[in-house]
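Hi everyone, thanks for making time for this. Please pull up the sequence and the structure, and we'll walk through them together.

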Amino acid sequence: MNKEDQEIIDRSESIAIKYLKDTYNLNDVVIIRRQLQPRMAMARVTVYGYVRGHEEQHFNVSVNYESNKAELLSFSREFRNMLSERGFDPYK
């Protein structure tokens with residue numbers, strides 16, 4: 001992996017973590033994988049992880065590295081239930 005790709009991936013991970021913190025008040029997540037999508041298809045990095053201590057509460061956040069914005073959140077049923085119990089609607 002070249003230096004530019006690594007910088008994109010690292011920046012996208014930070015954006016995903018900040019998105020989860022700012023949107024859902026999640027301060028302790030574990031990132032397990034980061035995937036740079038093919039450049040010719042899209043300008044996106046997908047960040048995979050879970051809530052620390054709750055591996056069943058997994059999620060992935062797709063980050064547009066050109067706009068530096070989280071664009072898509074996918075999650076397990078357990079993650080959804082945790083957010084609902086905390087008063088968040090993950091579908092908004």
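I'll talk about one helix, then the core, then some charged pairs.

First, some ground rules: this is a predicted model, where local features need pLDDT of at least 70, side-chain atom pairs count only at pLDDT 80 or more, and totals for chains, interfaces and linings use all residues. Residues are numbered from 1 along each chain as its sequence is written, and side-chain values use heavy atoms, with hydrogens and water left out.

Let's begin with α1, residues 3-24. Helices here are DSSP runs of H or I with at least four residues, strands are E runs of at least two, and both are numbered from the N terminus. How far apart are the end C-alpha atoms of α1? They are 31 Å apart, which agrees with the 32 Å that its 22 residues should span at 1.5 Å a residue; that expected span is 1.5 Å times one less than the number of residues. Right after α1 comes N25, with a positive phi near 55°.

Now, which residues of α1 are buried? They are D5, I8, I9, S12, E13, I15, A16, L20 and Y24. Buried means under 20% relative accessible area, exposed means over 50%, and partly exposed is in between, using a 1.4 Å probe and protein chains only. Those buried residues cover an arc of only 165° around the axis, so they sit on the same side of α1; the arc is taken from the directions from the helix axis to the C-beta atoms. The face turned away from that side carries the exposed residues K3 and D22.

That brings us to the core. A nonpolar core is a set of buried Ala, Val, Leu, Ile, Met, Phe, Trp, Tyr and Cys residues joined through side-chain atoms within 4.5 Å. The largest one here has 20 residues, and L20, L26, F59, V61, L73 and F79 touch the most other members. Its largest share, six residues, comes from α1.

Finally, the charges. A salt bridge puts a side-chain nitrogen of Lys or Arg within 4 Å of a carboxyl oxygen of Asp or Glu, and the whole structure has six. R34 pairs with D10, with the closest N and O atoms 2.9 Å apart. R34 also bridges to E13, at 2.6 Å. R34 lies in strand β1 and E13 in helix α1, so this pair ties together parts 21 residues apart in sequence. Through shared partners, D10, E13 and R34 form one network.
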